[in-house]
Amino acid sequence: MPDEPIAQPPDTMRPIDRLLEAVRRLLGPGGCPWDRAQTHATLKPYLIEECHELLDAIDRGDPNAIREELGDVLLQVALHSEMERAAGRFDFDAVAAGIADKVIRRHAHVFGGTEPARCSAEALALWDRKKRAERGGDSLLDGIPTSLPSLLHASKLSARAAGAGFDWPDTASVRAKLDEEVRELDAAAASGDSAAVRHEIGDVLFAAANLARRLGHDAEESLRECAARFRERFAAMEAEAVASGRPIGAAGDPAAPSRSLEELEEMWQRAKERLGRK
């Protein structure tokens with residue numbers, strides 16, 4: 001006979017307790033075979049995916065989607081915490097208590113112990129100093145995860161170094177550095193040296209991330225918004241092409257209608273005009 005279904009956690013429980021109980025039953029004896037087979041390592045891609053889906057919901061400004069995606073991220077936290085609870089190391093309460101303590105400790109300018117921060121920048125500096133003091137390490141750059149998206153990683157590295165005084169004197173100097181790196185990229189491309197080209201592309205991107213930081217913008221977010229504009233405008237080009245009876249085909253498709261680069265550029269400019277500058 002098939003195993004009896006596991007009873008659902010009652011909806012009279014507090015929502016967080018109901019979630020944790022559901023996860024315990026999923027990972028416990030008689031639970032879901034797929035969930036029981038997971039480890040911290042195998043769940044990593046799902047955590048990354050859920051975080052990106054949350055970012056998409058935030059970008060769309062959709063409160064219902066944000067609520068749902070926050071729940072998906074919370075489920076990942078609950079799964080990892082339950083694995084550790086079952087192993088006898090820590091549980092969800094320890095995770096929540098740890099972050100609560102950290103938030104209070106690193107906001108001494110709010111909860112007492114130091115003078116109040118006068119502005120956002122000063123509050124961030126106080127947080128960073130407290131964070132570095134707690135973590136220790138041999139380098140000011142310790143603690144910045146190398147798994148961050150590359151532009152974000154570059155921005156954090158340069159910001160940390162700038163906090164120690166290793167920075168350009170003004171924005172114009174950073175802009176000049178970007179020009180210098182582009183010239184070096186041009187020279188590498190002209191030489192045909194693939195390794196040098198790769199090196200110089202990295203230097204250009206790092207300089208661009210520094211310029212964004214000096215101008216008060218997040219390079220990662222700026223590129224994300226740029227990619228979203230490109231996607232929207234290209235979709236508008238495709239819609240125009242379909243309406244004209246000559247859809248834009250896939251690259252390499254011999255049956256796709258041929259369009260010149262000049263014609264495609266004209267369609268791009270019309271798409272920009274219709275959509276406006278965003």
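**Notebook: burial, helices and salt bridges**

I looked up burial first and found that buried residues make up 22% of the 278 residues in the protein. I note that the model is a predicted one.

**Entry on the fold.** I counted the secondary-structure elements and obtained 12 helices and zero strands. Read from the N terminus, the elements run α-α-α-α-α-α-α-α-α-α-α-α. I then looked up the radius of gyration, which is 26 Å, well over the 19 Å that the globule rule gives for 278 residues, so the protein is more spread out than a compact globule. The C-alpha trace spans about 65 × 60 × 40 Å along its principal axes.

**Entry on contacts and surface.** I considered the contacts with a separation of 6 or more, and residues 24 or more positions apart account for 49% of them. The exposed area of the protein is about 18800 Å², and carbon and sulfur atoms supply 58% of that area.

**Entry on charge.** I recorded 38 positive and 49 negative side chains. The centres of these two sets lie 4 Å apart. Side chains of opposite charge can pair when their charged atoms come close. I therefore turned to the pairs themselves, where a salt bridge requires a nitrogen and an oxygen within 4 Å. The structure holds 15 salt bridges.

**Entry on R14 and D17.** Which residue meets R14 in a salt bridge? I found D17, with 3.0 Å from N to O. I also checked how far each partner is accessible. R14 is exposed, at a relative accessible area of 53%, and exposed residues are those over 50%. D17 is partly exposed, at 28%.

**Entry on E21.** I next examined E21, which forms a salt bridge with R24, the closest N and O atoms being 3.4 Å apart. E21 and R24 both lie in helix α1, which covers residues 15-27. They are three residues apart, about one turn of the helix. R24 counts as partly exposed, at 32% relative accessibility.

The side chain of E21 also meets that of R25 in a salt bridge, at 2.7 Å from N to O. How many residues apart are E21 and R25 in helix α1? They are four residues apart, and so about one helical turn separates them. R25 is partly exposed, with a relative accessible area of 25%. I finally traced the shared partners: salt bridges join E21, R24, R25, E82 and R85 into one network.

Notes. Residues are numbered from 1 along each chain as its sequence is written. This is a predicted model: local features need pLDDT of at least 70, side-chain atom pairs count only at pLDDT 80 or more; totals for chains, interfaces and linings use all residues. Side-chain values use heavy atoms; hydrogens and water are left out. Buried means under 20% relative accessible area, exposed over 50%, partly exposed in between (1.4 Å probe, protein chains only). Helices (H or I, at least four residues) and strands (E, at least two) are DSSP runs, numbered from the N terminus. The radius of gyration is taken over C-alpha atoms; the globule rule is 2.2 Å times the number of residues to the power 0.38. Contact means heavy atoms within 4.5 Å. Accessible areas come from the Shrake-Rupley method with a 1.4 Å probe; for residues, only the protein chains shown count as cover. Lys and Arg count as positive and Asp and Glu as negative; His and the chain ends are not counted. The place of a charge is taken as NZ of Lys, CZ of Arg, CG of Asp or CD of Glu.
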